[in-house]
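Trainee: I should like to examine how the parts of this protein meet. May we go through the structure step by step?

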Number of protein chains: 2
Amino acid sequence: MTSPSPTTPVDLEDVRAAARRLDGLAHRTRVLTSRTLNALTGAEVHAKAECDQRTGSFKFRGACNALASLDAEDRARGVAAFSSGNHAQAVALAARLHEVPATILMPADAPPAKIAATRSYGAEVVTYDRYAEDREALGRRLAEERGLTLIPPFDHPAVIAGQGTVALELHEEVGDLDVLLVCVGGGGLIAGCATAATALLPEVRVIGAEPAVRDVTRRSLAVGERLRAEVPRTIADGQQVPSPGALTFPVLQRCVEDVVLVTDDELIDTMALLFERLKVVVEPSGAAALAAALAGRLDLRGLRVGVTLSGGNVGLDRFAALMERRGWGLPDVIGAAAP
Amino acid sequence: MTSPSPTTPVDLEDVRAAARRLDGLAHRTRVLTSRTLNALTGAEVHAKAECDQRTGSFKFRGACNALASLDAEDRARGVAAFSSGNHAQAVALAARLHEVPATILMPADAPPAKIAATRSYGAEVVTYDRYAEDREALGRRLAEERGLTLIPPFDHPAVIAGQGTVALELHEEVGDLDVLLVCVGGGGLIAGCATAATALLPEVRVIGAEPAVRDVTRRSLAVGERLRAEVPRTIADGQQVPSPGALTFPVLQRCVEDVVLVTDDELIDTMALLFERLKVVVEPSGAAALAAALAGRLDLRGLRVGVTLSGGNVGLDRFAALMERRGWGLPDVIGAAAP
């Protein structure tokens with residue numbers, strides 16, 4: 001890393017170095033366009049489809065860059081991560097590709113499919129009781145006992161730089177953008193993307209999107225310090241993070257113009273639109289940035305707008321249940337196929 | 001067209017010429033691979049994602065090539081098509097891109113979304129009562145009265161050559177294939193793909209996939225003549241064609257090794273798998289070729305297998321209803337997101 005500092009954990013060169021490390025390992029994902037999205041927003045929308053990334057989300061980029069940045073000794077000892085979601089699978093696959101042993105700490109009641117997916121990438125999964133045990137303390141103890149390097153989900157320079165390659169590729173593909181909309185959880189993706197985008201396009205407005213019931217990033221930015229929220233109940237499980245990161249928050253203060261709130265209903269409707277019109281499967285958090293563009297709280301008319309579709313890991317069961325909640329999906333349509 | 005004849009309506013050069021005409025107009029779609037698909041089949045599966053094609057299916061290729069092949073006089077008078085499905089939208093968009101007026105004959109009770117989509121591409125939609133009127137006679141009369149050129153959905157050399165570009169691109173992308181699995185309705189896609197594939201790879205086995213309740217192609221090939229079936233009730237609306245085409249059938253006789261039958265349940269399960277593992281939305285007909293690979297009726301172990309995912313035009317309502325029919329999608333999962 002060049003010149004890591006509290007307010008500048010990474011710079012454009014770090015993101016470029018990450019892109020070189022990811023070359024051949026991460027997918028260079030599509031940038032989707034759609035007449036419908038343009039008509040609904042009045043903008044020219046360019047959506048970066050990280051739902052097609054390996055392991056189903058942008059998280060693979062950061063994990064892969066972090067793994068690639070380890071020295072030989074750390075590699076030999078192995079890595080650890082705690083996550084029940086996309087970060088777990090991302091670290092598991094990144095570790096396998098770098099031939100590094102991985103231990104993933106997951107709650108015992110995590111969806112069996114997610115535990116199985118993480119194991120299938122070759123990681124050792126250690127489960128814990130999420131109601132009785134402190135995940136972070138457990139993770140740290142495990143890492144210490146075994147000499148493992150902990151790969152945090154967002155608050156790490158190599159992770160932030162890796163996520164920034166999303167914006168780098170988007171810029172390479174579509175050139176100038178007036179606005180870049182990015183979903184916000186711990187802030188790894190938006191910090192990396194904002195770093196790259198503002199360096200490449202000094203005039204670009206980077207805007208975050210977070211669940212309305214959470215809004216801890218928006219409030220933290222308003223008061224100028226990292227607030228801590230109860231983990232909110234939102235369908236956007238990828239954004240259920242109690243606080244912005246220590247490393248990511250200063251980047252957001254410097255590079256992010258605003259954070260827009262989106263409701264769970266808006267996330268579901270955006271998922272439905274993406275399914276019907278773009279034939280892509282996006283998880284709730286993954287729809288947040290586009291939902292912000294569609295919600296009408298930003299005037300995007302006539303602008304060139306980049307949007308991250310950050311992940312696609314939503315099971316069919318959950319997808320169907322979410323659609324039903326909004327009245328999408330009517331069983332009486334069975335058999336009504338037009339010949 | 002070079003040397004059109006009853007048994008060879010198109011050859012590899014026609015497909016290559018179609019590819020040049022489609023360049024810049026049709027999407028060069030992705031070829032998807034998946035560890036899961038490989039594990040389930042024992043093969044190395046390369047799936048051509050025509051669900052991402054413009055208008056949502058491979059039909060755009062054939063329609064676009066047919067439009068590009070018209071002379072100036074025919075262009076000025078305009079084209080017609082009768083279809084309630086993917087061919088309608090394909091002809092509508094292809095005509096708009098070639099600045100040719102298009103008239104599409106659709107049943108009055110076709111899904112309003114499909115009529116709206118066809119209109120949105122700039123076509124004039126003429127509706128008819130499918131229970132009282134003969135679509136083909138009506139279409140021919142309309143074409144005669146207005147001097148329009150009818151673009152048939154499959155039985156036309158330029159349409160067949162256009163569909164063949166699917167196999168051409170697949171071969172360019174992945175090289176040798178042992179088996180190519182293609183869904184069969186009227187036979188336009190498989191005739192074009194078989195023409196290209198067998199010319200490029202003399203050893204390749206081209207195998208069709210059709211709904212088990214229909215099986216008119218399989219039976220026609222068995223007896224050596226084009227049988228006619230009642231339009232069968234299958235969820236695979238893209239394959240509800242009563243008979244193989246006059247032009248396509250001889251190509252199938254010459255180039256297609258076998259036709260495998262797939263059940264509606266197998267189509268739904270394949271759609272569910274594609275949703276969950278590859279994050280892509282595929283309509284029932286579009287899942288037929290992969291369903292055939294997964295159904296275990298072919299021994300594909302150790303082989304390199306190309307598969308067409310031929311379209312993605314399934315509305316969310318219908319998708320949810322189909323999933324429910326097989327028990328995929330359980331409402332009690334709501335809110336069970338892992339933090």
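Mentor: Let us begin with a term: a salt bridge is a side-chain nitrogen of Lys or Arg within 4 Å of a carboxyl oxygen of Asp or Glu. Please keep in mind that this is a predicted model.

Trainee: How many salt bridges does the rule find across the interface of domain 1 of chain A and domain 2 of chain A?

Mentor: Chain A is divided into domain 1 (12–57 + 157–336) and domain 2 (59–150). The side chains of Glu169(A) and Arg61(A) meet at 2.9 Å, N to O, and the cut-off is 4 Å. Across the interface of the two domains, the number of salt bridges found is two.

Trainee: Which three residues supply 32% of the area that domain 1 of chain A buries against domain 2 of chain A?

Mentor: Between them, the two domains bury about 1,600 Å², and 54% of that area is on carbon and sulfur atoms. On the side of domain 1 of chain A, the three residues that contribute more than any other three are Arg21(A), Thr55(A) and Ser57(A).

Trainee: Which element gives the most residues to the side of domain 1 of chain A that touches domain 2 of chain A?

Mentor: There are 10 residue pairs in polar contact between the domains. Both α1 (12–22) and α8 (157–174) of chain A supply at least two residues of the domain 1 side. That side divides into eight nonpolar, nine polar and seven charged residues. With eight residues, the element that gives the most is α8(A).

Conventions. Residues are numbered from 1 along each chain as its sequence is written. Chains are lettered from A and ligands numbered from 1 in the order in which they are written. This is a predicted model: local features need pLDDT of at least 70, side-chain atom pairs count only at pLDDT 80 or more; totals for chains, interfaces and linings use all residues. Side-chain values use heavy atoms; hydrogens and water are left out. Domain bounds come from an automatic or database domain assignment. Buried area is the accessible area (1.4 Å probe) that two parts lose on being put together, summed over both. A polar contact is a pair of N or O atoms within 3.5 Å; within protein, one must be able to donate a hydrogen and the other to accept it, and residues adjacent in sequence count only if both atoms are side-chain atoms. Helices (H or I, at least four residues) and strands (E, at least two) are DSSP runs, numbered from the N terminus. Ala, Val, Leu, Ile, Met, Phe, Trp, Tyr, Cys and Pro count as nonpolar, Asp, Glu, Lys and Arg as charged, and the others, Gly among them, as polar.
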